Amino acid sequence: MTFPVKDDDDAATQQQVALRSFYKVAAGSCAMVLETVADTCEIAGMSTNLNARDRNIGGYGGSQLTVSGQITMKVKFKANLGKPAP
């Protein structure tokens with residue numbers, strides 16, 4: 001996830017907003033798995049990285065915060081998942 005940096009705003013606050021957005025996606029991930037392929041789902045682990053970059057090349061681009069991460073889930077797949085359709 002990439003977010004533009006606003007020079008007038010507090011850097012720590014902007015980092016918190018970026019991380020909070022990633023965590024919201026992570027929280028909704030189990031719901032999506034349950035809707036599609038699983039009977040049970042829980043988040044077993046998560047890691048995040050937050051990087052700040054100045055992409056101001058020739059006056060375009062500006063600074064950005066990039067959040068990346070990995071979500072590890074414990075999932076019990078639906079019993080009929082691998083069976084062919086009738």
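Trainee: At which residue does H1 bend, and by about how many degrees?
Mentor: In this predicted model, helix H1 covers residues 11-36 and has 26 residues. Its reach from first C-alpha to last is 38 Å, close to the 38 Å expected at 1.5 Å a residue. The helix nevertheless carries a bend, and the place and size of that bend in H1 are Gly28 and about 30 degrees.

Trainee: In what order do the elements of the protein chain run from the N terminus on?
Mentor: The protein chain has 1 helix and 3 strands. The strands are S1 (2-4), S2 (38-54) and S3 (63-77), while the helix is H1, residues 11-36. Read from the N terminus on, the elements therefore follow the order given by their numbering, and the pattern is β-α-β-β.

Trainee: Which strands do the buried residues of H1 pack against?
Mentor: The buried residues of H1 are Gln14, Ala18, Phe22, Ala26, Ser29, Cys30 and Val33. Across the protein chain, buried residues make up 16% of the 86 residues. The partners of the buried residues of H1 are strand S1, strand S2 and strand S3.

Trainee: Is Gln14 buried or exposed?
Mentor: Gln14 is found in helix H1, and a polar atom of its side chain lies 3.0 Å from the backbone oxygen of Asp9. Setting aside residues up to four places away in sequence, Gln14 touches Pro4, Val5, Lys6, Asp9 and Leu65. Because its relative accessibility is 13%, Gln14 counts as buried.

Trainee: Which elements give two or more residues to the largest nonpolar core?
Mentor: As a general tendency, nonpolar side chains in soluble globular proteins are buried together. Here the largest nonpolar core has 5 residues in all, namely Phe3, Ala18, Phe22, Leu65 and Val67. The elements that each give two or more residues to this core are H1 and S3.

Trainee: Which residues does Phe22 touch, not counting residues up to four places away in sequence?
Mentor: Phe22 is one of the buried residues of H1, and it also belongs to the largest nonpolar core. With residues up to four places away in sequence left out, the residues that Phe22 touches are Met1, Met46, Ser47, Thr48, Val67, Ser68, Gly69, Gln70 and Ile71.

Trainee: What is the torsion about the S-S bond of Cys30 and Cys41, and is the disulfide left-handed or right-handed?
Mentor: A search of the whole structure finds 1 disulfide, and that disulfide joins Cys30 to Cys41 with an S to S distance of 2.0 Å. The torsion about the S-S bond is about -70 degrees, so the disulfide is left-handed.

Trainee: How many residues apart in sequence are the parts that the pair of Cys30 and Cys41 ties together?
Mentor: Cys30 counts as buried because its relative accessibility is 9%, and Cys41 likewise counts as buried because its relative accessibility is 19%. The disulfide joins Cys30 to Cys41. Since Cys30 lies in helix H1 and Cys41 in strand S2, the separation in sequence of the parts tied together is 11 residues.

Trainee: Is Ser29 buried or exposed?
Mentor: Ser29 lies in helix H1. Leaving out residues up to four places away in sequence, Ser29 touches Ile71 and Met73. Because its relative accessibility is 14%, Ser29 counts as buried.

Trainee: What distance separates the C-alpha atoms of Ala44 and Thr72?
Mentor: Ala44 has its place in strand S2, and at 57% relative accessibility it counts as exposed. Leaving aside neighbours within four places in sequence, Ala44 is in contact with Thr72, Met73 and Lys74. Ala44 and Thr72 are 28 residues apart along the chain, and their C-alpha atoms are separated by 5.5 Å.

Trainee: How far apart in space are Ala52 and Thr66, C-alpha to C-alpha?
Mentor: Ala52 also has its place in strand S2, and it is exposed, with a relative accessible area of 62%. Not counting residues up to four places away in sequence, Ala52 touches Gln64 and Leu65. Ala52 and Thr66 are 14 residues apart in sequence, and their C-alpha to C-alpha distance is 6.4 Å.

Trainee: Among contacts between residues at least 6 apart in sequence, what percentage join residues at least 24 apart?
Mentor: One contact of Ala44 is with Thr72, and those two residues are 28 residues apart along the chain. Among contacts in the protein chain between residues at least 6 apart in sequence, the share that join residues at least 24 apart is 62%.

Methods: Residues are numbered from 1 along each chain as its sequence is written. This is a predicted model: local features need pLDDT of at least 70, side-chain atom pairs count only at pLDDT 80 or more; totals for chains, interfaces and linings use all residues. Side-chain values use heavy atoms; hydrogens and water are left out. Helices (H or I, at least four residues) and strands (E, at least two) are DSSP runs, numbered from the N terminus. The expected span of a helix is 1.5 Å times one less than its number of residues. The bend at a residue is the angle between axes fitted to the seven residues ending there and the seven starting there. Buried means under 20% relative accessible area, exposed over 50%, partly exposed in between (1.4 Å probe, protein chains only). Contact means heavy atoms within 4.5 Å. A polar contact is a pair of N or O atoms within 3.5 Å; within protein, one must be able to donate a hydrogen and the other to accept it, and residues adjacent in sequence count only if both atoms are side-chain atoms. A nonpolar core is a set of buried Ala, Val, Leu, Ile, Met, Phe, Trp, Tyr and Cys residues joined through side-chain atoms within 4.5 Å. A disulfide is a pair of cysteine sulfur atoms within 2.5 Å.
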